[in-house]
Amino acid sequence: MNVSLTVWLLTIAALCALVGVDFLIGRKPHDVSVKEAGVWTVVWVVLACLFGLGLFFYGGSGPTGEFFAGYITEKSLSVDNLFVFVLIMGKFAVPSQYQQRVLMVGVLVALVLRAGFIAAGAAIISTFSWVFYIFGAFLIWTAWKLVQDARKGGHEEEYEENKLLKIAERRFGVADRYHGTKLFITENGKRMMTPMLVVMLAIGSTDVLFALDSIPAIYGLTQDPYIVFTANAFALMGLRQLYFLIGGLLKKLVHLSYGLSIILGFIGVKLVLHALHESGVHVPQISIPFSLGFIVLVLAVTTFTSLRATRTRGAEPAVKS
């Protein structure tokens, strides 16, 4: 699509306004109920659907299909990220009433940093068409790695802080307990970080690492930076509520990694075919409607088999000693 600077600015302003409303509603620390999380999850999904409908009137069925394919892919990958968020919350022993504030700021940091990845990706793609080969190969490798991690029970591993976070902790020091929602405190004349800031940085930086596979994945569905950015924004901004809504169900999605590996592998193949086509090789092109249907089908089957497997496992009689 030919998106003008005015539309870009209006879109960013609208997203900032939505984030501001979300922040004001959740400004007071409290335990988020399933009802509250459910209502706001529906609100974010409806907003994404309305945006997709607006794209239909603005650019036609093509951009709309690309947006929904990208949005669903990013949303499903974000659900997989929630496993790691649970580990982070547990490692830093975040009080339940502060968890929503941690997620809100952490996701906001991730969104800002992802915008940089998206801009870089757009610049690289517009200059070097062969980068699609690299993106495709990387996604296929990531798909294989997801399968290997799933077989090893990768989500059961303990969260380890990245090097950047460790450097920040050594540089500023970290208080030994939470001080409400404060990010910095002064003890014995020394200014130091609170665990609240550390866990926010952990959430944000971890999500950026996940962007290393999600950004190439969505560029395999659309090369329009506007659609890439908005699909990522809507997928991320509803992530906080989704955390509280399905937190208890995460352990039941035992086949999610396998489903995501199939999706990433599929998009990787799609990227390689696209790169071959751009190089003048006559190969079949995978359409957006087919991609959207395939992604939805894989997620539906994965959810069904996961819930069936956990229900069957729970129904197994205890083994007598």
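**Cavities and a pocket**

Me: Which residues line the largest cavity?

Reply: Val 19, Asp 22, Leu 103, Met 104, Val 107, Leu 108, Leu 111, Leu 236, Met 237 and Arg 240 line the largest cavity, a cavity being a set of points on a 1 Å grid over the protein atoms alone where a 1.4 Å probe fits but cannot get out, with lining residues having an atom within 4 Å of a point. This is a predicted model, in which local features need pLDDT of at least 70 and side-chain atom pairs pLDDT 80 or more, while totals for chains, interfaces and linings use all residues. Numbering runs from 1 along each chain as its sequence is written, and side-chain values use heavy atoms, without hydrogens or water.

Me: Which helices supply at least two of those lining residues?

Reply: Helix H1 (5-25), helix H4 (99-127) and helix H8 (225-237) each do, and H4 gives the most, with 5 residues; helices are DSSP runs (H or I, at least four residues) numbered from the N terminus.

Me: And what volume does the second largest cavity have?

Reply: The second largest cavity has about 70 Å³, whereas the largest holds about 110 Å³, volume being the space filled by probe spheres set on grid points joined across faces, edges and corners. Of its 11 lining residues, Glu 36, Trp 40, Gln 100, Arg 240 and Gln 241 lie closest to the centre of the second largest cavity, and Arg 240 also lines the largest one.

Me: Switching topic, which helix gives the most to the second largest pocket's lining?

Reply: H3 does, with 5 residues; a pocket is an open set with protein on both sides within 12 Å along at least five of seven lines.

Key:
Helices (H or I, at least four residues) and strands (E, at least two) are DSSP runs, numbered from the N terminus.
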